[in-house]
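Biologist: I should be grateful for a close look at one part of this protein, namely its interior. Please take the sequence and the structure shown here as the starting point.

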Amino acid sequence: MSNLGNLEMLGNGPTRRQAIVGVAIAFGGLALGPTEAWAGSAEEISRTAESIHQEATLKASRTRIYEALLGAKQFDKVIQYSGVIQTMHLPDKPAEISREVGGAFALFGGYITGRHVELVPDVRIVQAWRTGDWAPGIYSIAKFELVEQGSGTKIVFDHTGFPKGEAEVLASGWKAHYWEPLAKLLS
């Protein structure tokens, strides 16, 4: 067959644009199948996750606040100022706080436990955090960002990943058992 015959046969086939569109549709269709399978059902995706964002400004340096949050003896004073041991009838065990990433902590008589995920001295503390009332294996993320503000420090706090329905209790607890007693300790 001559080259002219080959050209005539190509002229009857799809145009270049049609071929590209056809390939795109074919591959697009293949991509949609697995994507839908991975996305799963609507029950697998939460669109109502609760979170807490609080900001507390204290008249203390970032270093003093960082040390108060990570120093077991200083944090014991925070616990005393909060009065929570007496009101919740928790064991009067001293705070245990590792100063290493991955290290454990146990606060408020062991009622609050977790591990440090990230420690940036005088800047940030990120913890995998839980209460003793939560089901085993349930941890939230608590992040303390220390921002210099004039002669004091603003704690920008975010708490996510806790069980649904806990936000109000936790939010009031952070104020009553962390920010207010920290302010007393550091004033």
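Biologist: About how much space lies in the largest cavity?

Modeller: The model is a predicted one, and what follows should be read with that in mind. About 70 Å³ of space lies in the largest cavity. Counting cavities of 30 Å³ or more gives one.

The walls of the largest cavity may be considered next. Its lining consists of L69, L70, F75, I97, F105, L107, H116, I125, Q127, F144 and Y178. By class, nine of these residues are nonpolar, two are polar and none is charged. Three elements each contribute at least two residues to this lining: helix 3 (62-70), strand 3 (104-107) and strand 5 (124-131).

Some of these names return in the packing of the interior. The largest nonpolar core holds 41 residues, and those that touch the most other members are F75, F108, F144, W174 and Y178. Helix 6, which spans residues 167-186, provides the largest share of this core, namely nine residues. F75, F144 and Y178 are also listed in the lining of the largest cavity.

F108 deserves separate attention. This residue is found in the loop between strand 3 and strand 4 (112-120). F108 counts as buried because its relative accessible area is 5%, and buried means under 20%. Setting aside residues up to four places away in sequence, F108 touches F75, I79, S82, V84, I85, L90, H177 and Y178. The backbone of F108 has a positive phi of about 55 degrees, although the residue is not a glycine. Most residues other than glycine have a negative phi. D122 also has a positive phi, of about 65 degrees, and is not a glycine either. D122 lies in the loop between strand 4 and strand 5. With a relative accessible area of 21%, D122 is partly exposed.

From the cavity one may turn to the largest pocket, whose volume is about 290 Å³. It is lined by 17 residues, of which Y111, I112, L170, G173 and H177 are the closest to its centre. Strand 5 and helix 6 are the elements that give two or more residues to this lining. Helix 6 gives the most, with six residues. The lining of the largest pocket comprises twelve nonpolar, three polar and two charged residues.

I112, one of the residues closest to the centre of the pocket, is found in strand 4. Its relative accessibility is 6%, and therefore I112 counts as buried. Beyond residues up to four places away in sequence, I112 touches F105, A106, L107, W129, R130 and T131. Of these, F105 and L107 also line the largest cavity. I112 and D133 are 21 residues apart in sequence, while their C-alpha atoms are 9.3 Å apart in space.

A final example of a buried position is S140, in strand 6 (residues 140-149). S140 is buried, with a relative accessible area of 1%. Its side chain makes a polar contact with the side chain of H159, at 2.7 Å. Leaving aside neighbours within four places in sequence, S140 is in contact with Q127, A128, W129, W134, H159, T160, G161 and F162. Among these partners, Q127 belongs to the lining of the largest cavity, and W129 is also touched by I112.

Conventions: Residues are numbered from 1 along each chain as its sequence is written. This is a predicted model: local features need pLDDT of at least 70, side-chain atom pairs count only at pLDDT 80 or more; totals for chains, interfaces and linings use all residues. Side-chain values use heavy atoms; hydrogens and water are left out. On a 1 Å grid over the protein atoms alone, a cavity is a set of points where a 1.4 Å probe fits but cannot get out, and a pocket is an open set with protein on both sides within 12 Å along at least five of seven lines; lining residues have an atom within 4 Å of a point. Grid points are joined across faces, edges and corners, and a volume is the space filled by probe spheres set on the points. Helices (H or I, at least four residues) and strands (E, at least two) are DSSP runs, numbered from the N terminus. Ala, Val, Leu, Ile, Met, Phe, Trp, Tyr, Cys and Pro count as nonpolar, Asp, Glu, Lys and Arg as charged, and the others, Gly among them, as polar. A nonpolar core is a set of buried Ala, Val, Leu, Ile, Met, Phe, Trp, Tyr and Cys residues joined through side-chain atoms within 4.5 Å. Buried means under 20% relative accessible area, exposed over 50%, partly exposed in between (1.4 Å probe, protein chains only). Contact means heavy atoms within 4.5 Å. A polar contact is a pair of N or O atoms within 3.5 Å; within protein, one must be able to donate a hydrogen and the other to accept it, and residues adjacent in sequence count only if both atoms are side-chain atoms.
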